[in-house]
Structure formats: structure tokens, C-alpha cells
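Me: Please take a close look at the empty spaces in this model and the residues around them. I'd like one connected answer, with the nearby charge pairs worked in.

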Amino acid sequence: MDFMKIKGVIFDLDGTLVDSKLDFDLLRAELNFPEQSPLLEHLATLTCHQQIAHAEQCIYDHEMAGAHAAEAIEGVAELLVTLQQLGIPTAVLTRNMRDASHYVLEKFKLDIPLVLTREDCRAKPDPEGIFKIAQQWQLPTQDIVYIGDFWFDIEVAKNAKSWSCLYDPELNKEYRHHADWVYQHVNELTQAFRQSRLVNC
């Protein structure tokens, strides 16, 4: 990935900027959803209004509990300061809900001015969120990198024709080779942006 070409950075939230300790397997079990099924996609298949309301409330409670239990990921604050110093705009595009997302960003004082949640656009891997952000920034999607920790994050970047960057601390994610760039520690990303601008100068 050519960091010199990056003019905007969009982050996933949970698992990328913070660790909210969400247990999706437990949540699926509580809701009697199939194992490994994407929660939002399976929720959309339900037809019973009572079941939908119960599932939505359960997901809301889990997400808020995760937000309150969230822990910082080392190096994130420094990365955001670096991007601000370099004049590179930042945004968050997350499948999380608005209440939990804003709570976490405020909790850790992460200064990211543009945040799109599942209430604001179609959920990843649909690229609508990246298109909206690109339009607001007046940048082509090819000049934007999407940074996340899961397959959906690689997929949404490819769907938008953006760069994809995967956070893989253990280097054990089987889909990591599909990303344009992979890092184990946030400091690697910070250094890559700094070096690219030094070379460019």
C-alpha cells in the first residue's frame, strides 16, 4: 500500500480503536441465532415483531455493556494526533449503534469529527458509508484507506474501491492476505504515515 497516496482515513471502531470485549457468541446463544451468523443480517430475516423487539433490546444492552467495559488500544491516541498533524481527515464507519459509539469515543477522548453508525447508512460490507464520507471530504474513494480488524472491513474497502488495512495483533487471521496492508501494533501504522510524508517532502 502506498501511504503517500492516502488523503483520508476511515476507521472501524470496536477491535480497531477500542476493545469493547463484546462476546458475539454469547449474544447469538441468548438470541438463539445460528452460530457464526452476522447479527444484523440475521436480525433482518426475522418477521415476528415481538422477536425483533426482543432481539433489538438484547443487542442494545450488550453493546452498551461493551461500551462501558471498553478498554483503550495502545497507540491509538498517538496515531490520531499524527494524522491531525499531517492534515489527514479521519472518520469512523461502524456497524455499532450510535449510542454506544459516541459513548466510547467520548470515554477515551478520541477526537474524530465524523462518525457513521448503522443508523446512518447501510451496514458494512455495503460501501454506502465510505461513499458518504468520501463525498463529504470531496475525495475519490481510491485516496481513502479503511482500517479495521475483521473480514467485513476488508470487504467494505474493496466494495468502495478504497485501500484496506487490517489490524491483526497475532498475525493469525486467515483472511489477512486479502488486505492491502497488515499491522500488529498501532505504532507501525503511525510510523508508516510519518515516513510517507517525510519521503514526500
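Reply: First, the classes: Ala, Val, Leu, Ile, Met, Phe, Trp, Tyr, Cys and Pro count as nonpolar, Asp, Glu, Lys and Arg as charged, and the others, Gly among them, as polar. Bear in mind that this is a predicted model, with local features needing pLDDT of at least 70, side-chain atom pairs counted only at pLDDT 80 or more, and totals for chains, interfaces and linings using all residues. Residues are numbered from 1 along each chain as its sequence is written, and side-chain values use heavy atoms, without hydrogens or water.

Let's start with the closed space. Searching the whole structure turns up 1 cavity of 30 Å³ or more (on a 1 Å grid over the protein atoms alone, points where a 1.4 Å probe fits but cannot get out; lining residues have an atom within 4 Å of a point). Its volume comes to about 60 Å³ (the space filled by probe spheres set on the points, which are joined across faces, edges and corners). Go around the wall and you meet Leu13, Asp14, Val18, Ser20, Leu22, Glu63, Ala67, Asn96, Ala100, Ser101 and Val104. Sorted by class, this lining has 6 nonpolar, 3 polar and 2 charged residues. Helix H3 (49–69) and helix H5 (98–107) are the elements that give two or more residues to the wall (helices, H or I, of at least four residues, and strands, E, of at least two, are DSSP runs numbered from the N terminus). H5 gives the most here, with 3 residues.

Asp14 is a handy link to the next space. Asp14 lines the cavity, and Asp14 is also among the residues closest to the centre of the largest pocket, together with Phe24, Arg28, Asp149 and Phe150. A pocket, by contrast, is an open set with protein on both sides within 12 Å along at least five of seven lines. This one has a volume of about 1000 Å³, and 36 residues line it. Which elements supply at least two residues each to the lining of the largest pocket? They are helix H1 (24–31), helix H2 (39–43), H3 and H7. H1 gives the most to this wall, with 4 residues. The class mix here is 13 nonpolar, 7 polar and 16 charged residues.

Now the charge pairs. There are 9 salt bridges in the model (a side-chain nitrogen of Lys or Arg within 4 Å of a carboxyl oxygen of Asp or Glu). Lysine 124 is a good one to zoom in on. Aspartate 12 pairs with lysine 124, with the closest N and O atoms 3.0 Å apart. That pair links distant parts of the chain: aspartate 12 is in the loop between strand S1 (8–11) and strand S2 (18–19), while lysine 124 is in the loop between S5 and helix H6 (128–137), 112 residues apart. Lysine 124 also forms a salt bridge with aspartate 153, where the closest N and O atoms are 2.6 Å apart. Aspartate 153 is in helix H7 (residues 151–160), 29 residues from lysine 124.

Are these partners buried or exposed? Lysine 124 and aspartate 153 are both buried (under 20% relative accessible area, with exposed meaning over 50% and partly exposed in between; 1.4 Å probe, protein chains only). Aspartate 12 counts as buried because its relative accessibility is 5%, and lysine 124 comes in at 4%. From aspartate 12 you can step across to serine 164 as well: their C-alpha atoms are separated by 11 Å, though they are 152 residues apart along the chain. Serine 164 is in strand S7 (residues 163–167) and is buried, with a relative accessible area of 1%.

One more space to visit. The second largest pocket has a volume of about 170 Å³, and its lining includes Ala77, Leu80, Val81, Lys109 and Asp111. Its wall has 8 nonpolar, 2 polar and 2 charged residues. H4 gives the most to this lining, with 5 residues. H4 (residues 76–85) also holds glutamate 78, whose side chain meets that of arginine 194 in a salt bridge (3.1 Å, N to O). Arginine 194 is in helix H8 (residues 186–200), 116 residues away along the chain. Here glutamate 78 is partly exposed at 39%, and arginine 194 is partly exposed at 30%.
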